[in-house]
Protein chains: 2
Amino acid sequence: MATIYEVAALAGVSPATVSRVFNGQTVSAEKKRLVHEAATKLAFTPNRTARRLRGQSSEIIALLIPDIENPFFTALARGVEDCAREAGYSLVLCNTDDDPAKELHYLEIVASEQMAGVILAPASDEVDLGAIVSLGRPVVAVDRTTPYPVDAVKIDNRAAGIGATTALFEAGYRRIACIAGPAGIETTEDRFLGWRQVVAARKTVLHDGYLQHANFRVDGGRAAMRALLALDTPPDAVVTTNNLMAVGALQALAAAGIAPDVFGLAVLGELPFMALTPTPFVQVRLPARHLGRTAAAMLLERIGGDAQPPRTVVLRAEVNPREEQAL
Amino acid sequence: MATIYEVAALAGVSPATVSRVFNGQTVSAEKKRLVHEAATKLAFTPNRTARRLRGQSSEIIALLIPDIENPFFTALARGVEDCAREAGYSLVLCNTDDDPAKELHYLEIVASEQMAGVILAPASDEVDLGAIVSLGRPVVAVDRTTPYPVDAVKIDNRAAGIGATTALFEAGYRRIACIAGPAGIETTEDRFLGWRQVVAARKTVLHDGYLQHANFRVDGGRAAMRALLALDTPPDAVVTTNNLMAVGALQALAAAGIAPDVFGLAVLGELPFMALTPTPFVQVRLPARHLGRTAAAMLLERIGGDAQPPRTVVLRAEVNPREEQAL
DNA sequence: AGTCTTGACGAAATCGATTTCTTGGACTTC
DNA sequence: GAAGTCCAAGAAATCGATTTCGTCAAGACT
């Protein structure tokens, strides 16, 4: 690993001049040539650690997500990465497992690694951004919001819930249940509120137990669907508030021998590798990748020094009834 | 962001002493107390950049994978992360898109960021590890091997191919085709060799066109399956050499109205969110997460100074005919 | 008592790039 | 021709933690 000093020595100039060559400062053509020659000969790459120590910041942004195995978040990560790389930034992906302690740990790392900024899908409302915000590091909340005055990008979850439920209603279903995520998480809360609003407005049949809370994973969805099917008056359709729970619900339906066109299923989120039969009846596409791109763009603006008051961008989901779904 | 100097000043000791307190050196109890007090009062976190500059290495390991949206690689990443975090390391995930240029770019970053090591799923055989290897940074190749003398963890792909094909044969299929990945990629090459070996040994019917090469993605699998179905003598079963192509194949089958028990389908890889009907007939589980854990463990050993000659660990895949598949 | 060992701990060097300061020379300008 | 301006480029400070080196004092040993 050649250093700037070795390059300087070989080129017969001072280290300062070498630095100037690589940072677009005023250097004579002759020395510029010498430095470039020496640099290529030694395969010189500036040491980013030293640069960062001096410059107090790096070209790395962190993305904290609750579950790297959830396609929603990998699509989001992909969006962030695309945008970040275009701007010359690298991405560090951290898995928080929805655990506030891990989240906090990673936020500390962000600070002490002097990363340029963070995009965070908060594990809970109680996330402690105090330290990082007061440090002046840009933060963008994604998918969920926070009580702190930081930028946020989210989806209009209530509208998504309304859209899904309405689509089921218009398709003729009248006993529409809902498999919601863990209570207290904003994202799923809003989605289920959308469901409730439609169900109340349309005066559909609503039995006890039509609202199931589950964890955000496949097993949660499966258990919730089983519970629904076991009710005295089971529903004829269900809205699941995330992608993995929908998979679980489909599994439970399949196990019970119920075809998903008899039983209406609306999914909030994409089931990327499932575009085969059985297809859910209604799919509300959540623009995960776009979410990521938007968040990254906002973060980069902040990193560039933009100091306008915090913004919240709300993206709208797209409701696709089955007949419009392309294979 | 408090520095060690401020802590030292507040505690009335030298910066060296503060450093010693945090690095388990011999310091008197009294000063230790003073330093800890000062440190908590100032919310001191050591600046990792400075530490790294001095120590020439960081607690970050990089994982370079071709596609972050492929569940196989996210499971692998998960395995790496679990293992790394236990050891106090953080993980940087980089997406290479199977593009050698991006790969090289990230390898340069690894070097200039002074990361502790890299786990790499090489984009191609021509990956240039020369620079990083000669720098002495530990490298572990995962899923695919390289010509360089570095540790590697891979799957016994030929055995996986043999297992899948044999299972189909034993289930009575006699016209077994293969949808392989891009020519020249070791992983898929070995799998398809396994298929060929069984097909040759069992003397099954083998028509022109029974071997299809496709890209590793869903659309490739779909196109390949369409091509197979359009043959004069179409196969009655197919081995797909990765997970996404299997999804595409299932889609094409569904579109053609063919149930997957009539037509035998063997998949190398997991279709994690698809454990519903239609289920592929044979599934060869590739231990992705385990692959990640193993690679991380090996890398950490190297980082710890282990200097034994390069090892290659081969993990065996597990063949699950459908009846054994648990829901 | 005197030398040796040991241990705590401060001063200062170090990691490598960037960024002020400074300097010396070329070039204007009156 | 003297004074002022400008610019390339080297010397040195800087970022913050670690680590070597050296010092001083207390305790051990002969």
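**View 1. Who sits nearest DNA strand D.** Of the 25 residues around DNA strand D, the ones that come nearest are A:Thr17, A:Thr26, B:Ile4, B:Arg51 and B:Arg54. A residue is near a strand here if one of its heavy atoms lies within 4 Å of it. Bear in mind that this is a predicted model, where local features need pLDDT of at least 70 and side-chain atom pairs count only at pLDDT 80 or more, while totals for chains, interfaces and linings use all residues. Residues are numbered from 1 along each chain as its sequence is written, chains are lettered from A and ligands numbered from 1 in the order in which they are written, and side-chain values use heavy atoms, with hydrogens and water left out.

**View 2. The surface near DNA strand D.** Chain A brings helix H2 (15-22) and helix H4 (48-55), and chain B brings helix H1 (4-11), helix H2 (15-22) and helix H4 (48-55); each supplies at least two residues of this surface. Helices are DSSP runs (H or I, at least four residues), numbered from the N terminus. By type, the residues split into 10 nonpolar, nine polar and six charged, with Asp, Glu, Lys and Arg as charged, Ala, Val, Leu, Ile, Met, Phe, Trp, Tyr, Cys and Pro as nonpolar, and the others, Gly among them, as polar. On the DNA side, 61% of the strand D atoms within 4 Å of the protein belong to sugar or phosphate, and the rest to bases.

**View 3. Polar atom pairs at DNA strand D.** A backbone N or O atom of B:Ile4 is 2.3 Å from a phosphate oxygen of the strand. For B:Ala50, a backbone N or O atom lies 3.3 Å from a base nitrogen. From chain A, the side chain of A:Gln56 has an N or O atom 3.3 Å from a sugar or linking oxygen.

**View 4. Two copies around an axis.** Chain B lands on chain A after a rotation of 180 degrees with 0.0 Å of shift along the axis (RMSD 0.1 Å). The two copies are thus related as by a two-fold rotation axis. Within chain B, B:Val92 comes closest to that axis, its C-alpha at 2.3 Å.

**View 5. Around B:Thr166.** This residue belongs to helix H8 (residues 157-170) of chain B. With 14% relative accessibility, B:Thr166 counts as buried (under 20% relative accessible area, 1.4 Å probe, protein chains only). Beyond its neighbours within four places in sequence, B:Thr166 is in contact with B:Val198 and B:Arg202 (heavy atoms within 4.5 Å). B:Thr166 and B:Val198 are 32 residues apart in sequence, with their C-alpha atoms 6.6 Å apart.

How values were computed. Least-squares fit on C-alpha atoms with pLDDT ≥ 70 in both. Buried < 20%, exposed > 50% of the residue type's maximum accessible area, 1.4 Å probe, protein only. Polar contact = N/O pair within 3.5 Å; in protein donor to acceptor, adjacent residues only side chain to side chain.
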